[in-house]
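I opened this model to look up its packing, its metal site and a few backbone angles, and I kept these notes as I went.

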Amino acid sequence: MSPRITTALLLFLLFNMAWFVLYSAQLGWQGLTDTRPQDLSRVFLTDTPIANTLLALHMITGALLALGAPLQALPILRHRWPVLHRRHGYYIFALACGTGLAGLLYILMNGTVGGWWMSLWFALYGLAMLWSAANTIYYALDKDMSRHFAWATRLVILAVGSWIYRMHYALWFALTDGAASNPAFTGLFDRVQVIAFFVPYLLLAEILLRRGSRGH
Ligand code: HEM
């Protein structure tokens with residue numbers, strides 16, 4: 001893909017994600033500072049201060065990650081300012097580890113609102129994020145740029161996955177008024193959704209990456 005098209009797509013993505021980045025950072029901050037976080041959102045529970053703090057922290061690191069990962073992928077940063085790209089890369093790695101680990105610990109302590117099925121897929125999402133972040137850094141240090149690029153692509157998809165999850169819900173509710181979805185997140189749509197917000201995008205990236213590497 002040409003650098004111009006990549007830049008346009010990434011900027012368009014960032015523009016559309018701005019509301020979610022603000023929402024996540026704000027809810028995380030309130031979750032940390034409010035004396036009764038359980039009044040803010042159903043994800044904060046009564047008498048689980050450690051899990052609540054971890055989840056609030058993951059919202060803040062997650063917001064910075066969702067903003068920082070697409071910025072890190074901008075061609076101008078990669079080609080013109082490699083030192084900045086390198087330094088920023090370590091921040092992205094730390095943010096991905098913080099977000100993934102805090103999310104996983106919350107699941108271990110509290111589970112999720114949608115029960116074991118949602119917990120399983122959210123945990124796989126968190127593990128995929130940790131694995132992609134580790135491989136992105138590893139191949140950068142190893143100077144294997146094609147593998148670094150492939151893992152960075154997967155990491156960017158996972159970094160924006162949380163926003164994709166909400167966009168799928170927004171579109172589905174606009175089109176069907178919430179068919180096959182319920183507040184306990186156990187409807188058919190909810191059950192498919194915990195897979196659909198990241199797995200198909202990773203598969204699509206895999207196809208494009210393979211096609212790209214055959215073209216070289
Ligand atoms: C860019 C990354 C991420 C951002 C911005 C983000 C943001 C958020 C936000 C804002 C919420 C509150 C949901 C609400 O208001 O209803 C939330 C919930 C949650 N997130 Fe994340 N998140 C990210 C990545 C992750 C990852 C990688 C995991 C997995 C380990 C994870 C696990 C969870 C869990 C378990 C909940 C509570 C789910 C529930 O019981 O409903 N998040 N996240």
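For these entries I take helices as DSSP runs of H or I with at least four residues, numbered from the N terminus. I note at the outset that the model is predicted.

Entry one, backbone angles. With that numbering I placed Ala-180 in the loop between helix 7 and helix 8, and I read for Ala-180 a positive phi of about 60 degrees, although it is not a glycine. Most residues other than glycine have a negative phi, so I looked for other cases. Asp-47, in the loop between helix 1 and helix 2, is also not a glycine and has a positive phi of about 65 degrees. I then checked accessibility: Asp-47 counts as exposed because its relative accessibility is 73%, whereas Ala-180, with a relative accessible area of 40%, is partly exposed. Lys-143, which follows helix 5, has a positive phi as well, near 60 degrees.

Entry two, helix 5. I compared its length with expectation: at 1.5 Å a residue its 26 residues should span 38 Å, and the end C-alpha atoms are 37 Å apart, which agrees.

Entry three, the metal. Which protein atom is a donor of the iron atom of the ligand? I found that the only one is NE2 of His-58, at 2.1 Å, and I located His-58 in helix 2.

Entry four, the second largest pocket. I noted a volume of about 950 Å³ and a lining of 41 residues, of which Leu-55, His-58, Phe-122, Ser-162 and Arg-166 lie nearest the centre. His-58 is thus listed both here and as the iron donor. Helix 1, helix 2, helix 4, helix 5, helix 6 and helix 7 each supply at least two residues of the lining.

Entry five, the nonpolar cores. The largest has 37 residues, and I listed Met-17, Leu-65, Met-129, Tyr-165 and Phe-198 as those with the most contacts inside it. Eight helices are named as supplying at least two residues each, including helix 8 (188–196) and helix 9 (199–215), while helix 1 gives the most, with six residues. Apart from this core lies another, of eight residues, among them Leu-27, Phe-44, Leu-55 and Met-59. Leaving aside residues up to four places away in sequence, I found Leu-65 touching Pro-70, Ile-92, Leu-95, Ala-96, Thr-99, Met-129 and Ala-159.

Entry six, Gln-72. Is Gln-72 of helix 2 buried or exposed? I recorded Gln-72 as buried, because its relative accessibility is 9%, under the 20% cut-off. Not counting residues up to four places away, its contacts include His-85, His-88 and Ile-92.

Methods: Residues are numbered from 1 along each chain as its sequence is written. This is a predicted model: local features need pLDDT of at least 70, side-chain atom pairs count only at pLDDT 80 or more; totals for chains, interfaces and linings use all residues. Side-chain values use heavy atoms; hydrogens and water are left out. A nonpolar core is a set of buried Ala, Val, Leu, Ile, Met, Phe, Trp, Tyr and Cys residues joined through side-chain atoms within 4.5 Å. Buried means under 20% relative accessible area, exposed over 50%, partly exposed in between (1.4 Å probe, protein chains only). Contact means heavy atoms within 4.5 Å. The expected span of a helix is 1.5 Å times one less than its number of residues. Donors are N, O and S atoms within 2.8 Å of the metal (3.2 Å for Na, K and Ca); water is not among the atoms, so sites may look incomplete. On a 1 Å grid over the protein atoms alone, a cavity is a set of points where a 1.4 Å probe fits but cannot get out, and a pocket is an open set with protein on both sides within 12 Å along at least five of seven lines; lining residues have an atom within 4 Å of a point. Grid points are joined across faces, edges and corners, and a volume is the space filled by probe spheres set on the points.
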